[in-house]
Amino acid sequence: MKRRTFFSNAAKAILLAANPVSGMREALGIPSGSAGPVTLFLAGDIMTGRGIDQALPHPSDPRLYEPYVKTALDYVALAERAHGPIPRPVDFSYIWGDALQELRRVAPHLRIVNLETSVTKSDDYWRGKGINYRMHPANAPCLAAASIDCCTLANNHILDWGYAGLKETVRTLQKIHVRTAGAGGNLEKAEAPAILTLGARRRVLVFGFGAATSGIPHDWAAAVDRPGVNLLNDFSGATVDRIAAKVRAIKRQGDVVVASIHWGNNWGYKIPAQERAFAHGLIDKAGIDVIHGHSSHHPKGIEVYRHRPIIYGCGDFINDYEGVGGYEDFRSDLVLMYFVTLDPSAGTLVHLEMTPLQIKRLRLNRTSKGDAAWLRDMLTREGKALGTHVRLTADNTLTLEPLGKV
Ligand SMILES: [Zn+2]
């Protein structure tokens with residue numbers, strides 16, 4: 001039986017044209033240099049603070065202000081107890097492990113992640129928060145090791161070490177040529193998208209948003225005269241309209257616009273109706289082409305709405321939670337690289353592929369076939385109500401497909 005796909009005929013032609021071995025560019029009448037599909041690598045939380053920071057070449061003072069754990073070194077010890085020794089100090093590329101080979105294979109045009117830590121030497125921890133993540137600025141090259149292009153910062157850890165921590169984070173990322181969105185020195189800067197260019201004309205705009213439902217304190221909201229996060233007031237139609245006005249002022253024909261949103265609980269698959277309506281509203285009214293959602297520590301169901309992908313929760317990608325018990329059923333050790341390929345002329349999805357990896361010894365590793373199948377089954381189960389299911393390919397990657405006969 002014929003397999004249903006998200007591909008439109010135009011998208012198929014573009015894919016064909018982009019394939020250098022197809023020899024079909026001229027046959028299709030597409031001049032060389034014309035706009036082909038754009039592939040984005042998206043991942044959820046990159047938490048390179050605390051235990052990860054301790055394993056890298058330039059660790060911060062390990063002292064913590066958590067209720068139970070008083071040194072970041074304990075998180076390294078937990079990981080080692082779970083899976084064996086970690087060769088500290090690790091080099092800057094170590095944490096990415098097998099993800100680097102996968103990035104080389106797919107060669108995405110841009111790499112966009114949520115940076116779930118501040119990058120700072122500040123000792124001014126946010127009082128009463130309980131968990132404060134920081135990575136030493138001298139460890140920032142670990143982000144460059146995976147050629148990350150853009151970090152969204154509108155999350156519940158960016159101000160863990162105060163305004164000085166936010167300022168130093170932005171400055172440090174600028175120095176290593178990583179663009180930022182979603183937090184900054186004032187409201188205007190926090191709201192401004194990262195504008196990523198591909199060649200002379202093509203652009204990808206990344207807007208960063210955070211919601212209080214992810215644990216962002218209300219007083220972290222950026223204001224006209226106060227640094228902070230681009231915090232969503234709510235998920236209402238009025239908020240969609242405000243965002244639509246911002247996007248309209250900057251979006252040009254052919255731009256791909258990503259809304260990167262930190263929202264919702266750390267655990268649980270449920271997608272609140274208001275989040276879904278908000279995502280639809282951003283696509284319907286605000287010209288958003290990709291919803292890059294995160295905050296949950298594990299991947300959640302994926303929807304394709306009006307040919308645009310809504311990843312409600314990417315799940316974590318890099319963290320130091322290895323060996324920390326409590327939510328084993330969610331398998332948060334299993335993470336996903338999302339490769340979203342779009343037709344920039346229409347902003348529509350061509351295909352979405354995911355590579356499963358497993359966190360072990362503070363490093364990303366290829367999964368077993370069984371673990372990849374577990375992710376397929378989970379995404380298919382959670383995608384049912386959203387109209388998607390996932391297929392596991394022979395090379396152990398996952399492909400999103402619409403529900404239907406296969
Ligand atoms: Zn978070």
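The exercises below work through the fold of one predicted model, each with a solution in steps. Local features need pLDDT of at least 70, side-chain atom pairs count only at pLDDT 80 or more, and totals for chains, interfaces and linings use all residues. Residues are numbered from 1 along each chain as its sequence is written.

**Exercise 1. Overall form**

Task: State how many helices and strands the protein chain has, and why it counts as compact as a globular protein of its length.

Solution. Step one is the secondary structure: the protein chain has 10 helices and 20 strands. Helices (H or I, at least four residues) and strands (E, at least two) are DSSP runs, numbered from the N terminus. Step two is the radius of gyration, taken over C-alpha atoms; the globule rule is 2.2 Å times the number of residues to the power 0.38. The radius is 20 Å, close to the 22 Å given by the rule for 406 residues, so the protein chain is as compact as a globular protein of that length. Step three adds the extent: the C-alpha trace spans about 65 × 50 × 40 Å along its principal axes.

Burial comes next. A residue is buried if 20 or more other C-beta atoms lie within 10 Å of its own, exposed if 12 or fewer, and partly exposed in between, with C-beta atoms placed from the backbone. Of the 406 residues, 49% count as buried.

**Exercise 2. Strand β17 and its partners**

Task: Find which strands pair with β17 and in what sense.

Solution. Two strands pair if DSSP finds at least two bridges between them. Strands of a sheet pair through backbone hydrogen bonds, either parallel or antiparallel.

- Step one: strand β16 (residues 334–343) pairs with β17 in the antiparallel sense over 10 bridges. Aspartate 343 has threonine 348 in β17 as its bridge partner. The two strands form a hairpin with 4 residues between them, and glycine 347 in the turn has a positive phi of about 70°.
- Step two: β17 and strand β18 (residues 363–366) are antiparallel, with 4 bridges. Here isoleucine 359 stands opposite leucine 364. This hairpin has 2 residues between the strands, and arginine 361 takes a positive phi near 55°.
- Step three: strand β20 (residues 398–402) runs antiparallel to β17, joined by 2 bridges. Threonine 399 in β20 is the bridge partner of glutamate 353.

As a last step, check the cover of β17 (residues 348–360): 10 of its 13 residues are buried.

**Exercise 3. Core and helix packing**

Task: Identify which residues have the most contacts inside the largest nonpolar core, then describe the packing of α8 and α9.

Solution. A nonpolar core is a set of buried Ala, Val, Leu, Ile, Met, Phe, Trp, Tyr and Cys residues joined through C-beta atoms within 7 Å. Step one: the largest core has 107 residues, and Val206, Leu282 and Tyr338 have the most contacts inside it. β16 gives the most to this core, with 8 residues.

Step two follows leucine 282, where contact means C-beta atoms, placed from the backbone, within 7 Å. Leaving out residues up to four places away in sequence, leucine 282 touches Val240, Ile243, Ala259, Ile288 and Ile291.

Step three turns to the helices. Axes are lines fitted to C-alpha atoms, for helices over the stretch in contact, and angles run from 0 to 180 degrees between N-to-C directions. Helix α8 (residues 237–250) and helix α9 (residues 273–285) pack at about 35°, with their axes 9 Å apart. The contact includes Val240 and Ile243 of α8 and Leu282 of α9.

**Exercise 4. Unusual backbone**

Task: Locate the cis peptide bond and state where arginine 331 and asparagine 396 lie.

Solution. Most residues other than glycine have a negative phi, and most peptide bonds are trans.

- Step one: arginine 88 and proline 89 are joined by a cis peptide bond, with omega about -10°. Proline 89 is in the loop between α3 (73–83) and α4 (99–106).
- Step two: arginine 331 has a positive phi near 50°. Arginine 331 sits in the loop between β15 (316–318) and β16, and is partly exposed, with 16 other C-beta atoms within 10 Å.
- Step three: asparagine 396 has a positive phi near 70°. Asparagine 396 is in the loop between β19 (388–392) and β20, and counts as partly exposed with 15 C-beta neighbours inside 10 Å.

Conventions:
Two residues are in contact if their C-beta atoms, placed from the backbone, lie within 7 Å.
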